Amino acid sequence: MITEISFPDSPLIKAIKDGNERALSLFYKENFGKIQNMVFKNSGSDDDAKDVYQESMIEVVLQIKNGKLDQLNSKLSTYLYSVCYYKWIDRLRKKGRAMESGFDNDLEDVVMVEDTPSPYLLAMEKVMGQIGDKCRDLLQAFYYEKLPMIQIANRLGFLDDNSAKSQKNKCMDKARGLAKNTIRQFYI
Amino acid sequence: MDENKAELIDRYLDEELSSDEKASFEALLEGDSDLKLEVEAQNAVRNMIRQQGEKAALLRMFEGFHETIGEKDIKKEDYNGKIIPLDENLSNNRRSKKLFKIDLGNWSRIAVAASVALTILGVWTVVKDRNAFDGAVEIRNNSDDEALRIPFLTWGTVDGKPVLQDRKFIDLKITRKTRYKFHYRFKSFLEIYSDSLTAKGEKITLQFDSDSKVHKLWIGKKIFIIKKTEEIIPLQ
């Protein structure tokens, strides 16, 4: 007997995983209205709708990039909707309010990928908040964008590549020091 | 350790040390639990920086997408001429400034202040009036129908006093049809059917009383109790 397992949106997921910006753009634009409606119906504003949508979209895209949705058995749009839905419920709860429109039956079939950040990650995020925006921008330019030092110096207004580099090292020393304490706290 | 510590740890993590350097660094690590912790900490920082960098890059990309929502790529399915709030720029507007001004006598001109852009499918057209103050947008269509966005306020009682709990907007479509004298339909947006809604300067607002769960539609100074309905029913 052949068991059929279907992954209805695997081409879309693959395209997003491969960094196809057009596919992501279409997916983004197609789904905003629905989420906006859901938020509107449940005492949210335009800002709320955009916020919750972009935050959810980031989560979903990162899950795709990490291969967590390779075997998604629902439509990606349904999945995104449910991420938004639960995120919005969370926010309403924090404000001490409830959903007005009740539970959405369509969501019952969606299997969510657990994405609750660990306390360690949250502590690390806090560390990043403590090093200051300048250090964060500098470290991001170096470690994420992998820009050459001279370009970083130009962008962030350093005299030359050497002073950018020495500032980068200072920022890393500071961040590493804070992170050390965080790790101690959690693991030792 | 002559070399800068951050750079040395980077080279170790990126596996860029020569085999000699690597061997001596690992020997150091063996006997130095603090250095071990430093390596771990730097690795965690690098991962976090990259993760945040990726999120920031995505967010920037999304902002770009968001600006062009509604310009094209609009899916027409399941909308059937419904007014869709595709206004991605609403969030940039100060909502408190939004006014809805209705030029009456003839429902063909509606100026929505503070650049509230409604994107409408079907026969609707949106005309941006460059002379209007604050980037006002005028909405017209080819028949006598009108579309606008009206305030939707939620009130509740706190300590015996009415308190505004929520302020948002709802799309309203006014259809002039002689077979409906004064009717409405209320789904995710509101439709009013009337061939006589011509009173001058009437402000239309929808209010929701969160205590009694009643929707009240204000047209000028008149209040109509309405409920969610799929059918077109009389306003009274």
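## Close-up views of chains A and B

**View 1. Chain A is helical from end to end of its pattern, which reads α-α-α-α-α-α-α-α along the sequence.** The model shown is predicted. Chain A holds eight helices and zero strands. It has 188 residues, of which 32% count as buried. Contacts between residues at least 6 apart in sequence were also sorted by separation: in chain A, 66% of them join residues at least 24 apart.

**View 2. Chain A meets chain B through 36 residues of its own and 35 of its partner.** Helix 2, helix 3, helix 5, helix 6 and helix 8 (161–187) of chain A each give two or more residues to the side that touches chain B. Helix 2 of chain A provides the largest share, 11 residues. By class, this side of chain A has 16 nonpolar, nine polar and 11 charged residues.

**View 3. Helix 5 of chain A crosses helix 3 of chain B.** Helix 5 of chain A spans residues 119–130, and helix 3 of chain B spans residues 33–67. Their axes come within 10 Å and cross at roughly 80 degrees. Angles of 65 to 115 degrees count as roughly perpendicular, and the two helices are therefore roughly perpendicular to each other. From helix 5 of chain A, the contact takes Met124(A), Glu125(A) and Met128(A). Helix 3 of chain B supplies Ala44(B), Met48(B) and Gln52(B). The contact of these two helices has four nonpolar, one polar and one charged residues.

**View 4. Helix 6 of chain A also packs on helix 3 of chain B.** The angle is about 95 degrees, and the axes are 9 Å apart. That makes helix 6 of chain A roughly perpendicular to helix 3 of chain B. Leu139(A), Gln140(A), Tyr143(A) and Tyr144(A) form the helix 6 side of the contact. On helix 3 of chain B, the contact residues are Arg46(B), Ile49(B), Arg50(B), Gln52(B), Gly53(B) and Glu54(B). By class, four residues are nonpolar, three polar and three charged. Gln52(B) appears here and in the contact with helix 5 of chain A.

**View 5. Ser43(A) has a positive phi in a loop of chain A.** Its phi is near 50 degrees, in a residue other than glycine. The loop lies between helix 2 (21–41) and helix 3 (46–65) of chain A. A residue is buried if 20 or more other C-beta atoms lie within 10 Å of its own. Ser43(A) has 21 within that distance, so Ser43(A) is buried.

**View 6. Lys146(A) has a positive phi in another loop, between helix 6 (133–144) and helix 7 (149–156) of chain A.** Phi of Lys146(A) is near 55 degrees, and this residue is other than glycine. A residue counts as exposed if 12 or fewer other C-beta atoms lie within 10 Å. Lys146(A) has 9, so Lys146(A) is exposed.

**View 7. Strand 9 and strand 10 of chain B form a hairpin.** Strand 9 of chain B covers residues 182–186. Strand 10 of chain B covers residues 190–194. Three residues connect them in the hairpin. The strands run antiparallel and are joined by five bridges. One of the bridge pairings links Phe182(B) with Ser194(B) of strand 10. Four of the five residues of strand 10 of chain B are buried, so this strand is largely enclosed by the rest of the structure.

How values were computed
Residues numbered from 1 in each chain as written. Chains lettered and ligands numbered in written order. Predicted model: local features only at pLDDT ≥ 70, side-chain atom pairs only at ≥ 80, totals over all residues. Axes fitted to C-alpha atoms, helices over the stretch in contact; angles between N-to-C directions. Parallel < 35°, antiparallel > 145°, perpendicular 65-115°, else oblique. Contact = placed C-beta atoms within 7 Å. Nonpolar A, V, L, I, M, F, W, Y, C, P; charged D, E, K, R; others polar. Pairing = 2+ DSSP bridges.
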